[in-house]
Amino acid sequence: MPKKPTAVARLDKNMGTRAAPLAGLASYDSRDERFFRLGGFPWYAPDNRLFRRLPPATSFTPPNPAIDQLAGHTAGGQLRFRCNSRRVVVEVQLTGVAAMDHMPQTGSSGFDLYVAGGDLKWQFAGVSRFAVGSTAYCCELFNHSERRMRNFLLHFPLYNGVESLRLRLDEETVFEAPPAWRQPLPVILYGTSITQGGCASRPGMAYGNILSRRLNQPVINFGFSGNGRGEAAMAELIATLPPPAMYLLDYEANAESFENLTATLPEFIAVLRRRAPQVPIVVLSRLAFAGDHPLVAPAKAVVSRAVRLYCRDAQRRIVEQLRREGDRHLRFIDGGTLLGRRFDDCTVDGVHPNDLGFQRIAARLEKLLFTAAGAEPAEAKNSGGIFGK
């Protein structure tokens, strides 16, 4: 009979979880607006206090039940604060167990913390590590010997819900207001599991969160795993928010069919345009998947690549037609170019990016988004948006 494998943590202490010592720390509710700035939850309000990406289920009827469940996943949620604590510990109650077979629970259900000085050059500080199957944990994410003012940025889990979040900081911690965003208007992302953040190793590595740090700008994540299908009802809901700096539409991979994609995209854009006639809208076609490579499965690769190019060109034609009709604030980006030539190294399972893939997506988009809406130089200068630095 084969021996039961020994837990790696017994062989290597660095692979095990550790209890966070709490002596000398005071507890703070993350919802306390005196100390913390919560972002990524546009409908959060004192009367609901929910870490939820869509309105409460009692006030919104989603296109399908999956959307309602996925709205409880806290992808894109952020907590910003500035204080002089030498330690940061998070106490978390999740709404469920991490249950994905191809994504680490540090990404699906963990928090990660970034720290920066006055230059806001964010440095990764720590990620919550906890026992497999846990729905509650207490983890230390930062420990420094020197007490001084620092800026902190805490990213919420990508594929789980958060019932409660408390922070343990030094007793008698002094707080200051965190620095203002360079651009307070958000970028709104709408799309798929890749948009949501599958399968980043930790939340800060999802491309929306990377962009937020690099642009010093809020990013709202409306990625709904398997369910970003371009329904008009979702466009109508998103359009109720104040006009953002930009909309990025990246839902081809969930559109279910070519016919559905080409039918929903013009209507989705039209709904947003009625609310925000001059806000840049970028349409992003899907990434290149590993199955597009002929060395993997030649016959399937020919079909996969042909379908991708066919859908890519159809979206480009829709954008070009709308531009000819006068929409100068609309642009198309070929998602097949974002991962580079060695795109096969950029995924966990041939589809969902690993951290390398998300870094490449964010780096490429950071450059493209400053010019993607095709603004004239004067417009770019005056937009106050993401067209110029």
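The legends below describe close-up views of a predicted model.

**Figure 1. Confidence of the predicted model along the chain.** The mean pLDDT of the protein is 91, and 92% of the residues score at least 70. Residues 372-389 have a pLDDT below 50. Beyond near neighbours in sequence, this stretch makes 32 contacts in the model.

**Figure 2. Helix H9 and its buried residues.** Helix H9 comprises residues 355-368. Its 14 residues, at 1.5 Å a residue, should span 20 Å, and the end C-alpha atoms are 20 Å apart, in agreement with that expectation. Gly357, Phe358, Ile361, Ala362, Leu365 and Glu366 are the buried residues shown in H9. These residues lie on the same side of H9, because they cover an arc of only 160 degrees around the axis. The spacing follows a general rule: an α-helix has 3.6 residues a turn, so residues three or four places apart point the same way. The partners against which the buried residues of H9 pack are helix H4 (193-196), helix H5 (207-215), strand S13 (246-250) and strand S15 (330-333).

**Figure 3. The start of H9 and the loop that precedes it.** At the start of H9, asparagine 354 places a side-chain oxygen within 3.1 Å of the backbone nitrogen of leucine 356. Threonine 347 belongs to the loop between S15 and H9. With a relative accessible area of 12%, threonine 347 falls under the 20% cut-off and is therefore buried. A polar atom of the threonine 347 side chain lies 2.7 Å from the backbone nitrogen of glycine 350. When residues up to four places away in sequence are not counted, threonine 347 touches His352, Pro353 and Asn354. Asparagine 354 thus appears twice in this view, as a residue touched by threonine 347 and as the source of the side-chain oxygen at the start of H9.

**Figure 4. Strand S12, enclosed by the rest of the structure.** Strand S12 consists of residues 219-223, and 5 of the 5 are buried, so the strand is largely enclosed by the rest of the structure. Burial extends to both faces of S12. One side carries Val219, Asn221 and Gly223, while Ile220 and Phe222 are on the other. Strand S11 (residues 187-191) pairs with S12 in the parallel sense over 5 bridges. Within this pairing, phenylalanine 222 in S12 is the bridge partner of tyrosine 190.

**Figure 5. Tyrosine 137 in strand S7.** Tyrosine 137 is part of strand S7, which covers residues 136-143. Its relative accessibility is 7%, and tyrosine 137 accordingly counts as buried. Leaving aside neighbours within four places in sequence, tyrosine 137 is in contact with Val90, Glu91, Val92, Leu94, Ser109, Gly110, Phe111, Ser128 and Phe130. For one of these residues, glutamate 91, the C-alpha to C-alpha distance to tyrosine 137 is 5.9 Å, although the two are 46 residues apart in sequence. The side chain of tyrosine 137 also reaches the backbone oxygen of serine 109, at 2.9 Å.

**Figure 6. Phenylalanine 60 and its contacts.** Phenylalanine 60 is located in the loop between strand S2 (37-39) and helix H2 (65-70). At 11% relative accessibility, phenylalanine 60 counts as buried. Apart from neighbours within four places in sequence, the residues in contact with phenylalanine 60 are Leu54, Pro55, Met234 and Leu237. Leucine 237 is 177 residues from phenylalanine 60 in sequence, and their C-alpha atoms are 8.9 Å apart in space.

**Figure 7. Backbone geometry in three loops.** The peptide bond from glycine 198 to cysteine 199 is cis, with omega near 10 degrees. Cysteine 199 is in the loop between H4 and H5. Asparagine 216, in the loop between H5 and S12, has a positive phi of about 55 degrees although it is not a glycine. Glutamate 172, likewise not a glycine, has a positive phi of about 65 degrees. The loop that holds glutamate 172 runs between strand S9 (162-170) and strand S10 (175-176). Glutamate 172 counts as exposed, at 74% relative accessibility.

**Figure 8. Helix H7 and its buried residues.** Helix H7 is formed by residues 258-275. At 1.5 Å a residue, its 18 residues should span 26 Å, and the distance of 27 Å between the end C-alpha atoms agrees. The buried residues of H7 are Leu261, Thr264, Leu265, Phe268, Ile269, Val271, Leu272 and Arg273.

Definitions and conventions. Residues are numbered from 1 along each chain as its sequence is written. This is a predicted model: local features need pLDDT of at least 70, side-chain atom pairs count only at pLDDT 80 or more; totals for chains, interfaces and linings use all residues. Side-chain values use heavy atoms; hydrogens and water are left out. Helices (H or I, at least four residues) and strands (E, at least two) are DSSP runs, numbered from the N terminus. The expected span of a helix is 1.5 Å times one less than its number of residues. Buried means under 20% relative accessible area, exposed over 50%, partly exposed in between (1.4 Å probe, protein chains only). The arc is that of the directions from the helix axis to the C-beta atoms. Contact means heavy atoms within 4.5 Å. A polar contact is a pair of N or O atoms within 3.5 Å; within protein, one must be able to donate a hydrogen and the other to accept it, and residues adjacent in sequence count only if both atoms are side-chain atoms. pLDDT is the predictor's confidence in each residue, from 0 to 100. Two strands pair if DSSP finds at least two bridges between them.
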